[in-house]
Amino acid sequence: KHPKDSEFPVDSRVNPYLSQVKGQAAQAAKASGFRLTSSLKAHELPVSCLALHPRKQILVTASDDRLWKMWGIPNREIIMTGEGHADWLSGCCFHPDGGQLATTSGDTAVKVWDFSRGECVLTLEGHARAAWGCSFHTCGDFVASCSLDNTSKVWDLRSERCRCTLRGHVDSVNSVVFLPFSNTLLTSSADKTLSLWDARTGLCAQTFYGHLHSCNHAAFNLTGDTVVSCDSYGVVKLWDVRKVAAMLSIDAGPHPGNQTAFSPSGRTVAVASNDGSVKLLDLASSQVTSLVGHEDAVQSVVFSHRGEYLFSGGSDGTVHFWS
């Protein structure tokens with residue numbers, strides 16, 4: 001143990017989103033109702049990841065051009081640019097207090113940027129190959145990353161070291177995310193599985209089997225009882241976390257699904273598709289609608305906090321705003 005190590009919070013905290021979701025279910029937007037309202041040419045090279053500020057109207061874009069950019073929305077004015085990675089950016093995630101950003105890159109490093117100082121304040125090195133994505137713990141003291149080296153890592157921001165390495169996947173770990181208000185991590189892997197892990201011990205608690213192809217991304221709904229995942233043939237699966245079982249499988253292929261996101265109400269899933277569209281899945285009816293507008297593969301999708309907007313980032317370097 002390191003003298004500066006942070007303590008993991010007790011895992012019995014109540015998820016404050018629970019009450020929120022009940023209210024949102026009543027005013028959930030219809031999946032078929034989204035229309036393209038504006039576009040932003042954010043980068044010259046592909047946009048690999050989008051992240052939304054936890055409280056402010058601010059969107060971050062990360063790109064293959066090695067830069068991340070912060071934008072005010074909906075006016076689309078640029079606020080800040082971050083430069084320092086030696087290769088393409090693959091993932092980005094806001095600190096829960098909104099004052100910092102974590103980024104992952106093909107250069108294997110995880111960087112933490114401080115907005116008030118306008119610079120990178122921490123570089124975490126330990127992955128053997130490209131890092132694909134990152135996720136902050138709700139307490140803000142830990143950030144998890146996943147990599148092409150078949151592992152995920154949990155980093156302690158105070159002691160600035162890797163607290164544990166999650167080993168168990170036998171191929172690239174393509175996404176990692178903390179369950180809100182818990183010490184549980186969800187990973188998706190090219191070995192066709194998803195896994196739940198205890199970030200305190202680094203041990204695998206559950207594995208979800210059912211995808212027949214590389215799993216590209218997985219995400220929780222706000223209440224944390226359901227997981228959505230997408231694979232390299234466009235198949236989208238919904239999983240019951242308590243039963244560790246698939247509840248629904250929808251073929252939105254044949255093109256790969258690159259990223260998934262639940263709407264705040266939990267009734268709609270957006271999938272960033274390699275065919276240049278955003279697939280919207282209405283979970284009640286299992287119907288799929290396509291939002292067409294990008295000129296190349298869509299890499300990232302994120303809903304606004306109240307679900308009235310959807311943002312998509314693509315290999316064409318643009319971000320589309322749907323409402």
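This is a short walk through the repeats, aromatic pairs, cysteines, backbone oddities and one pocket of a predicted model.

Okay, let's start with the annotation. The unreviewed UniProt entry places the feature "repeat: WD" at residues 40–81, 82–123, 124–165, 166–207, 208–249 and 291–323. I looked at two of those spans in the model. Residues 40–81 come out as 0% helix and 60% strand, and the C-alpha atoms at the two ends sit 15 Å apart. For residues 208–249 we get 0% helix again and 57% strand, with 13 Å between the end C-alpha atoms.

Next, aromatics. Searching the whole structure turns up 9 aromatic pairs. Take Phe8 and Phe142: their ring centres are 3.9 Å apart and the planes are at 0°, so this pair is stacked. Now, where do those two rings come from? Phe8 is in the segment before helix H1 (17–26), while Phe142 belongs to strand E11 (residues 142–147), so the contact ties together parts that are 134 residues apart in sequence. Phe8 has 16% relative accessibility, and because the cut-off for buried is under 20%, Phe8 counts as buried. Phe142 is buried too, at 0%.

The pair I'd put beside that one is Phe34 with Phe303, which is edge-to-face, at 6.2 Å centre to centre and 65° between the planes. Phe34 is in the loop between H1 and strand E1 (36–41), and Phe303 is in strand E26 (residues 298–303), so here the parts tied together are 269 residues apart in sequence. Both rings count as buried: Phe34 has a relative accessibility of 4%, and Phe303 has 7%. And if you want a cluster to look at, Trp68, Phe94, Trp113 and Phe115 form one.

On to the cysteines. How many disulfides does the structure hold? The count is 0. For Cys146, the nearest cysteine sulfur is that of Cys134, 8.2 Å away. Cys230 has its closest cysteine sulfur in Cys215, at 7.0 Å; a disulfide needs the sulfurs within 2.5 Å, so that is too far for a bond. Cys146 is buried, with 0% relative accessible area, and Cys230 is also buried at 0%.

Now the backbone. As background, most peptide bonds are trans, and most residues other than glycine have a negative phi. So here are some places to check by eye. Ile73 and Pro74 are joined by a cis peptide bond, omega about 5°, and Pro74 sits in the loop between strand E4 (67–72) and strand E5 (77–83). Going from Gly253 to Pro254, the bond is cis as well, with omega near 10°; Pro254 is in the loop between strand E21 (245–251) and strand E22 (257–262).

Then there's positive phi. Thr108 isn't a glycine, but its phi is positive at about 75°; you'll find Thr108 in the loop between strand E7 (100–105) and strand E8 (110–114). Glu160, also not a glycine, has a positive phi of about 55°, and Glu160 is in the loop between strand E12 (151–156) and strand E13 (161–167).

Last stop, a pocket. The second largest one holds about 250 Å³ of space. Its lining has 16 residues, and the ones nearest its centre are Gln57, Ile73, Ser304, Glu308 and Tyr309. Ile73 is the residue we just met at a cis bond, the one to Pro74. By class, the lining splits into 7 nonpolar, 5 polar and 4 charged residues. That's my tour.

Terms used: Residues are numbered from 1 along each chain as its sequence is written. This is a predicted model: local features need pLDDT of at least 70, side-chain atom pairs count only at pLDDT 80 or more; totals for chains, interfaces and linings use all residues. Side-chain values use heavy atoms; hydrogens and water are left out. On a 1 Å grid over the protein atoms alone, a cavity is a set of points where a 1.4 Å probe fits but cannot get out, and a pocket is an open set with protein on both sides within 12 Å along at least five of seven lines; lining residues have an atom within 4 Å of a point. Grid points are joined across faces, edges and corners, and a volume is the space filled by probe spheres set on the points. Ala, Val, Leu, Ile, Met, Phe, Trp, Tyr, Cys and Pro count as nonpolar, Asp, Glu, Lys and Arg as charged, and the others, Gly among them, as polar. UniProt positions are given in the numbering used here, feature names are shortened, and annotations may be inferred rather than shown by experiment. Helices (H or I, at least four residues) and strands (E, at least two) are DSSP runs, numbered from the N terminus. Rings of Phe, Tyr and Trp (its six-membered ring) pair if their centres lie within 6.5 Å; planes under 30 degrees apart count as stacked, over 60 as edge-to-face and the rest as tilted. Buried means under 20% relative accessible area, exposed over 50%, partly exposed in between (1.4 Å probe, protein chains only).
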